[in-house]
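Please open the model in your viewer and keep a selection panel at hand. The tour below proceeds stop by stop, saying at each one what to select and what is there.

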Amino acid sequence: MTVTVRLFARARDLAGADTLCVELPAGATAADLRRRLAAQCPRLAPLLERSALAVDEEFADEAQPLREGSEIALLPPVSGG
Amino acid sequence: MIRLTKEPIDYHALTEAVRLPACGAVVTFLGTVRDLTDGRVTVALDYEAYPGMAEKKMAEIERETRQRWPVGEMMMVHRLGHLDIGEVSVAVAVSCPHRAQAFEACRHAIDRFKELVPIWKKENWADGSTEWVHPGAES
């Protein structure tokens, strides 16, 4: 399956894009996506390690299986306020 | 009520909006753009949000705050876009029957906001460089 990952703040600058498309096997988890993102975009890897993943606007567990069509976002440490 | 906005935050109107006859205490917190961070001079900040999730998390924080304190009304607004020094980036106004509750509820809401809500700021340093702020270990 192909999932589209939305990127924000420094993650977007590092990737040079608002979104990244990632090919994953069916049943892949958030942790699998994290590994695939790091391989596909090595510049992202250090920030990725301390970023959260969100699935359908909710923080995702690493073991959470992903579905094609889910809204997935990479959230670097937040700094609002 | 929660809101993201690109317009300046009218914190007087926000404070008025939470005033109720049953509430003898109103606390309004304002976060404003500071000109110095770790000794470096900032000339402006840019704020960006993941809007859908930010609003969802803000609504959760409102629900959580209302469960723990007898909140009459509360308003939470964050501004997005380019902000100059001294401008208001975030405002939280809370009314409760008594002041201890109002202080605690407002403190809780802004503390949780800073932990949970997917919003990011970018420093515009005086030397012309910019830097996204991602608290924690340097990457």
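What follows is a walk through two chains, with the conventions given before the stops.

This is a predicted model, in which local features need pLDDT of at least 70 and side-chain atom pairs count only at pLDDT 80 or more, while totals for chains, interfaces and linings use all residues. Residues are numbered from 1 along each chain as its sequence is written, chains are lettered from A and ligands numbered from 1 in the order in which they are written, and side-chain values use heavy atoms, with hydrogens and water left out.

**Stop 1: the sheet of chain A**

Select chain A and look for the open sheet of five strands, which has the order E2-E1-E5-E3-E4 and mixed pairing; strands here are DSSP runs of at least two residues (E) and helices are runs of at least four (H or I), numbered from the N terminus, and two strands pair if DSSP finds at least two bridges between them. Its edges are strand E2 (19–23) and strand E4 (58–59) of chain A, each of which pairs on one side only. Five bridges hold E1(A) and E2(A) in the antiparallel sense, and within that pairing A:Val3 stands opposite A:Val22 of E2(A).

Next add helix H2 (residues 30–40) of chain A, which lies across E1, E2, strand E3 (52–55) and strand E5 (72–75) of that chain and runs at about 110 degrees to E2(A). Contact means heavy atoms within 4.5 Å, and angles run from 0 to 180 degrees between N-to-C directions, with axes fitted as lines to C-alpha atoms, for helices over the stretch in contact.

**Stop 2: two backbone angles in chain A**

Most residues other than glycine have a negative phi. Select A:Ala9, which is not a glycine yet has a positive phi of about 50 degrees; A:Ala9 is found in helix H1 of chain A and, at 0% relative accessibility, counts as buried. Buried means under 20% relative accessible area, exposed over 50%, and partly exposed in between, computed with a 1.4 Å probe on protein chains only. Then move to A:Glu57 in the loop between E3 and E4 of chain A, where phi is again positive, at about 65 degrees, and where the relative accessible area of 22% makes the residue partly exposed.

**Stop 3: where the two chains meet in an aromatic pair**

Which kind of aromatic pair do A:Phe8 and B:Trp120 form? Select both: the pair is stacked, with 5.0 Å centre to centre and 15 degrees between the planes. Rings of Phe, Tyr and Trp (its six-membered ring) pair if their centres lie within 6.5 Å, and planes under 30 degrees apart count as stacked, over 60 as edge-to-face and the rest as tilted. A:Phe8 lies in the loop between strand E1 (2–7) and helix H1 (9–15) of chain A, and B:Trp120 lies in strand E8 (residues 119–125) of chain B, so the pair joins two chains. Both A:Phe8 and B:Trp120 are buried, and adding B:Tyr50 to the selection completes one aromatic cluster.

**Stop 4: strand E4 of chain B and its partners**

Select strand E4 (residues 40–49) of chain B, which is mostly covered, with seven of its ten residues buried. E4(B) pairs with E8(B) in the antiparallel sense over seven bridges, and B:Asp46 has B:Lys122 as its bridge partner in E8(B). Four bridges join E4(B) to strand E6 (residues 81–84) of chain B, also antiparallel, with B:Ala44 opposite B:Asp84. Strand E3 (residues 36–37) of chain B pairs with E4(B) over two antiparallel bridges, and in their hairpin, which has two residues between the strands, B:Asp38 takes a positive phi near 50 degrees.

**Stop 5: the four-stranded sheet and helix H2 of chain B**

Finish with the open sheet whose four strands run in the order E1-E5-E7-E2 (chain B), with mixed pairing. Four bridges join E1(B) to strand E5 (residues 73–79) of chain B in parallel, and B:Arg3 stands opposite B:Val77 in E5(B). Helix H2(B) lies across E1 and E5 of chain B, at about 155 degrees to E5(B); among its buried residues are B:Met53, B:Ile61 and B:Thr65, whereas B:Arg68, also in helix H2 of chain B, is exposed at a relative accessible area of 54%.
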